[in-house]
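Open your viewer, get the chain on screen and keep the selection box handy. We'll go stop by stop, picking something and looking at what is there.

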Amino acid sequence: MSYSVSLSSSIHFHTNSRFFSTFPPKLPNKLKTTVTTTTVAAIPPLSTATSVTDLSVLDSTTVALIGGGSVAALAAVLSFTDPERRRRLQAEEVGGGDKEVVRNYFNNSGFQRWKKIYGETDDVNKVQLDIRLGHSKTVENVMKMLTDDGSLNGVTVCDAGCGTGCLSIPLAKEGAVVSASDISAAMVAEAENQAKEQLTAGNGDIAPVMPKFEVKDLESLDGKYDTVVCLDVLIHYPQNKADGMIAHLASLAENRLILSFAPKTFYYDLLKRIGELFPGPSKATRAYLHAEADVERALNKVGWKIRKRGLITTQFYFARLVEAVPA
């Protein structure tokens, strides 16, 4: 399959009745020039799990070879690899399962990598820049979802898996009362620092409220909020656990639940496994892709329905974004 990729390509976001586009992202100057290349493949979505940031050693010519008959050959090669063994060794090193691996990763090497990706430094490679663009578009679409329904002033929002505050801070600038949490203490500390720097002045007539930042995993979250948002976190949960987490997040929300996740299709799944052939020098976490039908089924089971949905893509980032409301 052949297609053109542009770092400034538009995103078609589907809702029940219309399309809407994103706000222009704040990006380094070198991303604002359109760079178009022709390739026949992309790297799997949100690939913290496959060290996508280490894939800069692959040039576009190498990536372009992944197509047509080569897919079948790669599938055969993949059958002889054992990425699960690498994951088991990681878990043994930190003395636990997936959660402990994720916590350890995002408090150490993962924190340094994703702090750069989520930040504004120019010290990133082209893959990291592209992931930054994709993630920023996800945040922008979430902000548009929320602001389309009216003012956020005084609205309570739970940002579950807040990272470095990429969503929490814009929410606070719009007057939302934000409870932000992350499994990584390093991420939470960085988010607090960013918030203190960026929320010193008001947004016109709106006086921003400093978000409440806490170190918590999803299972530990409690309280009630008008809106719960969980972006790019379900990738760390297999489907059987993701169902429980979706139910838990829905129990915290009174009016709206917004989720983003790496979509599971045969093509994306194959590309994820290809990425696992190139783990790079740094250790990362396991990635779980989720079929949209499975996520919707989990929501329906607890009395929620999807109101808006869309797919956000760049060359190295793919994310399905859904907004659910009580049925």
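Leaving aside its neighbours within four places in sequence, which residues is Leu167 in contact with? Select Leu167 and you'll find Val139, Val142, Met143, Asp159, Val229 and Leu231. Contact here means heavy atoms within 4.5 Å.

A quick word on the ground rules. This is a predicted model, in which local features need pLDDT of at least 70 and side-chain atom pairs count only at pLDDT 80 or more, while totals for chains, interfaces and linings use all residues. Residues are numbered from 1 along each chain as its sequence is written, and side-chain values use heavy atoms, with hydrogens and water left out.

**The whole chain**

Zoom out and colour by secondary structure. The chain holds 11 helices and 11 strands; these are DSSP runs (helices H or I, at least four residues; strands E, at least two), numbered from the N terminus. Of its 327 residues, 52% are buried. Buried means under 20% relative accessible area, exposed means over 50%, and partly exposed is in between, with a 1.4 Å probe and protein chains only. Among contacts with a separation of 6 or more, 76% join residues 24 or more positions apart.

**The largest nonpolar core**

Now go back to Leu167 and add Val142 and Leu171. In the largest nonpolar core, which has 40 residues, these three touch the most other members. A nonpolar core is a set of buried Ala, Val, Leu, Ile, Met, Phe, Trp, Tyr and Cys residues joined through side-chain atoms within 4.5 Å. To see where this core comes from, select α4 (98–107), α5 (109–118), α6 (126–148), α7 (168–173), β6 (177–182), α8 (185–198) and β11 (318–326), each of which supplies at least two of its residues. Helix α6 gives the largest share, seven residues. Apart from this core lies another one of 27 residues, including Cys158, Cys230, Met245 and Ala324.

While α6 is still highlighted, pick Gln128, which has its place in that helix. Gln128 counts as buried, at 6% relative accessibility. Draw a line from its C-alpha atom to that of Trp114: the two are 14 residues apart along the chain and separated by 8.8 Å.

**A hairpin**

Next, select β10 (residues 304–313) together with β11. They pair in the antiparallel sense over nine bridges; two strands pair if DSSP finds at least two bridges between them. The two form a hairpin with four residues between them. For a landmark, click Leu311, which stands opposite Arg320 in β11.

**The cysteines**

Select the cysteines and show their sulfurs. How many disulfides does a search of the whole structure find? Zero, where a disulfide is a pair of cysteine sulfur atoms within 2.5 Å. Try Cys166: the closest cysteine sulfur, in Cys162, is 9.3 Å from its own, so that is too far for a bond. Cys166 is partly exposed, at 22% relative accessibility. For Cys230, the nearest cysteine sulfur is that of Cys158, 8.4 Å away. Is Cys230 buried or exposed? At 0% relative accessibility, Cys230 counts as buried.

**A stop in β6**

Select Ser181, found in strand β6. Ser181 is buried, with a relative accessible area of 3%. Show what surrounds this serine: beyond its neighbours within four places in sequence, Ser181 is in contact with Asp159, Ala160, Gly161, Cys162, Glu214, Lys216 and Leu221.

**The second largest pocket**

Time for some empty space. Select Gly161, Asp182, Asp232, Val233 and His236, the closest to the centre of the second largest pocket among its 32 lining residues. On a 1 Å grid over the protein atoms alone, a pocket is an open set of points where a 1.4 Å probe fits, with protein on both sides within 12 Å along at least five of seven lines; lining residues have an atom within 4 Å of a point. This pocket contains about 570 Å³ of space, the volume being the space filled by probe spheres set on the points, which are joined across faces, edges and corners. Helix α4 gives the most to the lining, with four residues.

Finish on Asp232, in the loop between β8 (225–230) and α9 (239–252). Asp232 is buried, at 14% relative accessible area. Check its backbone too: phi of Asp232 is near 55 degrees, a positive value in a residue other than glycine. Most residues other than glycine have a negative phi.
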